[in-house]
Every structure is written in C-alpha cells, then in structure tokens.
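Please read the report below alongside the sequence and the 3D view. It takes up burial, the main sheet, a helix pair, annotated positions and unusual backbone geometry.

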Amino acid sequence: MYGTDRVPDDSERTAFRRAEKKYKLYYNNTKSSKREKQPKQVDLSEVIDFKSVLDSFNQTGLTPPGISRHQCDFNYPVFCIENHPGFYFIPEALSIEEQCHWIKESLTSFPQPPNRTNHNAIYGPIQDLFIAAQNKKVFVEVESLVSDGASGPYSSDRNLESKWQFCDGTAGIPWGDSSRSIAASVLLRKLRWSTLGLQFDWSKRNYDVSLPHNKIPEALCGLAKRMAEPAMPTGEEFRPEAAIVNYFGLGDMLGGHLDDMEADWSKPIVSISLGCKAIFLLGGKSRENPPIAMFLRSGDIVLMAGEARECFHGVPRIFADRENAEAPFAMHFSNQDDPCLTEYIRSSRININIRQVS
Ligand SMILES: O=C(O)CCC(=O)C(=O)O
C-alpha cells in the first residue's frame, strides 16, 4: 500500500531492502543519447514462476520443493509456500476477457469521483479522465471572479477562484491568462492509485468513513468473494468493503510495507494483477527476514490472510518486455477503446486489492 513516498524510508541494510535493490529497474549507462536506454540485466533465477509451477502441475500432478497445492474445493489449483501460512497464489485465475474487463474498469470507472485518486490533492476530483485522454484534451487551470453572494454585482468583495477543466487541446487554450495546463494523457500516466468503497486516508493511514463513497461495484464484489474462498475461515463469507487500485508505470515500485489497517486479519486481502508482469517480494514479520521473490502475471490472484497479513511485502519491479507487448489484450478491447487501452497497458501494470475493513 502506498504512503506519500513510494520508496521505503528504511536502511539499506535490511534483507528486504537489499532484495528490492537487487530487482529494481536500473539502466546501463550509455553515452549516446540517441540509443534507447537498456535495462540492466538482473539475475532472475531465484524468482518463483507460478506459470511454470501450474504447467508442470497440470502435466504431472507434482509441485516443486517448498510449494504445495492447497487442498480445497475450488475450480482452480491454489498454491501455498512452505513456511508462509496464509499466503495463497492462484495462477491464471482470470480469463483474458476478464482481464480486459477489469483493465478497462480500472481506467474508466474506478478513478471517477467520489472515488479518490492521487490527483485529488492537486486538482480536486477529476471526472472522465480516460475519455479526456482518449480525446487528447488538455486540463487547464482557469481563474474566474466569484462574488461572495452577500454583496451586489458591483461590489468589490469578489475573489478569484481557480478551478481545473478539460479543454480541446487541438483548438488551443481559450484562456490566454491561464497559469497552468497539463495533457490529459500525461495525467492518466501519472495516475498512481484510486480507492473504491470506504476511502483510505493516506495521511492518517486509516479508513475515513466520513468521506463520501460508493459501494464496491457488484461484479467486483462477486469476484472477490469467489476468489477469497480458499483463504476464508470455514463457513464465513468475505465482505468486500474497500479496494485500492495501484497503477504502475515502468520504473515504478511499491516499497515493502504491511497492510494492517483492517480490523480482522483472519480475512484475506484479495489482490488481482493486470497488465505487465511484476516481481512480488514476500518477506517475514521483520524487514530483516529475507523475502521470497515471485512473478505476478496478468490474471494471477494472490490472497494474504492470517499470519501472511503480518508479513512485509512489496513490488520492486515491473517488466514492459516482449511478453507483455505480445499479450493478446488488443483483440479483446472494443474498437473504440482499443488504441488508448492497449497503448496504456503495454507498459503498465494495475493491481486491484480488495479488503474487508470491519
Ligand atoms: O501490487 C501488488 O501486487 C501488491 C499491492 C499491495 O501490496 C498493496 O496495495 O498493499
């Protein structure tokens, strides 16, 4: 979960921080500015690949040492990691159609007010950011005179109010004296998080139940309830009340952290991966415990419940490589949305994590 700063403020001496540095994206120093920046090679031999685990399990019924199949009545194989009780990995849990659906929702509907995003602090609520980006709009700060109401139209008691609005980028900005503007496509790229259901207050690191909010969309609730099953205490049903959507661009990372603001840690966090492949680090109860690294791919779902809720975790790296460029998303988006969604997700990752708060 993000704080105000995405890079953790801990010493580089901890085992968790060392692992983050090992996998983080660094570039080779190239002298020519014309040459494309080349990512530094990283040794990925210790990263668990649950895609291979699933493939070989489907062929042989066996799992590699340290990984076991969770015995449960569930439609998909669910894997556990030795010495990490409460952590469950469901590879390829979502079909490509479902992935496309949730990518589209994450960009078009989840950032809509009253849901808050990282942009709220600077611009206030932004309506229809994705449509504005699609239509190459520009977000412009406009200053207008407002009367305080009590005084008449000729009163001098009038203030300058600043507000932001989208305008047509190709037609030029009609307000010559507007002080600031930013392309909607840049704002979309700078989207880092949005919050659904009960709104999370990052400054207080708590849920602010007084903030206006909509319930988590029915379809997302249904998906989370179904997927939470393997990690739920017997006879209980998961109650999705809040979700955080994280948006990652190339080079972004999510520093090691705990998700400890929910009342009942026996309930899982249901965490859905979409878009570019990432490395996920699962550590222990202290940053001193060396974390295990694993790939997260589009359509994978991770559950963290019980003891796993007390473990540091983070995402030090996403990969915008050929594997992702060739992902078949393009075929599944509708023609109208296709170029903008395909272009975005080719070099981005989205994570939707759903929580029961009370
Ligand atoms: O991006 C992910 O897969 C993990 C997200 C996460 O840990 C969080 O939001 O707390």
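A residue is called buried if 20 or more other C-beta atoms lie within 10 Å of its own, exposed if 12 or fewer do, and partly exposed in between, with C-beta atoms placed from the backbone. Glu141 has 15 other C-beta atoms within 10 Å and is therefore partly exposed. Glu141 belongs to strand β5 (residues 137-147). Its C-alpha lies 8.9 Å from that of Phe166, and the two residues are 25 apart in sequence.

The model is predicted: local features need pLDDT of at least 70, side-chain atom pairs count only at pLDDT 80 or more, and totals for chains, interfaces and linings use all residues. Residues are numbered from 1 along each chain as its sequence is written.

**Overall make-up**

The protein has nine helices and 18 strands. Helices (H or I, at least four residues) and strands (E, at least two) are DSSP runs, numbered from the N terminus. Of its 358 residues, 38% count as buried. Two residues are in contact if their C-beta atoms, placed from the backbone, lie within 7 Å. Among contacts between residues at least 6 apart in sequence, 75% join residues at least 24 apart.

**The nine-stranded sheet**

Two strands pair if DSSP finds at least two bridges between them. Nine strands form an open sheet with antiparallel pairing, in the order β1-β2-β3-β16-β13-β18-β11-β8-β4. Its edge strands, β1 (67-69) and β4 (116-117), each pair on one side only.

Strand β11 (residues 242-249) runs antiparallel to β18 (residues 348-355), and eight bridges join them. Within this pair, Tyr247 stands opposite Ile350 of β18, and Asn246 has Asn351 of β18 as its bridge partner. Strand β8 (residues 193-197) is joined to β11 by five bridges, and these two strands also run antiparallel. Here Gly197 has Ala242 of β11 as its bridge partner. Seven of the eight residues of β11 are buried, so the strand is mostly covered.

Helix α7 (residues 218-228) packs on the sheet, where it touches β3 (87-90), β11, β13 (269-275), β16 (301-304) and β18. The direction of α7 makes about 115° with that of β13. For such angles, axes are lines fitted to C-alpha atoms, for helices over the stretch in contact, and angles run from 0 to 180 degrees between N-to-C directions.

**A helix pair**

Helix α3 (residues 96-108) and helix α9 (residues 338-346) have axes that come within 11 Å and cross at roughly 95°. That crossing makes α3 roughly perpendicular to α9; angles under 35 degrees count as roughly parallel, over 145 as roughly antiparallel, 65 to 115 as roughly perpendicular and the rest as oblique. In the contact, Ile103, Lys104 and Leu107 of α3 meet Leu341, Tyr344 and Ile345 of α9. By class, the contact has five nonpolar, no polar and one charged residues. Ala, Val, Leu, Ile, Met, Phe, Trp, Tyr, Cys and Pro count as nonpolar, Asp, Glu, Lys and Arg as charged, and the others, Gly among them, as polar.

**Annotated positions**

Which residues does the UniProt annotation "binding site" cover? In the unreviewed entry, the annotation covers His257, Asp259 and His313. UniProt positions are given in the numbering used here, feature names are shortened, and annotations may be inferred rather than shown by experiment. The three residues are spread over 57 residues of sequence but cluster in space, with a largest C-alpha distance of 8.9 Å. His257 is found in strand β12 (residues 254-257), and Asp259 in the loop between β12 and β13.

**Unusual backbone geometry**

Most residues other than glycine have a negative phi, and most peptide bonds are trans. Asn83, not a glycine, has a positive phi of about 65°, and Asp128, also not a glycine, has one of about 60°. Asn83 sits in the loop between β2 (79-81) and β3, whereas Asp128 sits in the loop between α4 (120-123) and α5 (129-134). A cis peptide bond, with omega of about 10°, joins Pro113 and Pro114. Pro114 is in the loop between α3 and β4.

The table gives burial for residues from the last two sections.

| Residue | C-beta neighbours inside 10 Å | Class |
|---|---|---|
| His257 | 16 within 10 Å | partly exposed |
| Asp259 | 17 within 10 Å | partly exposed |
| Asn83 | 10 within 10 Å | exposed |
| Asp128 | 16 within 10 Å | partly exposed |
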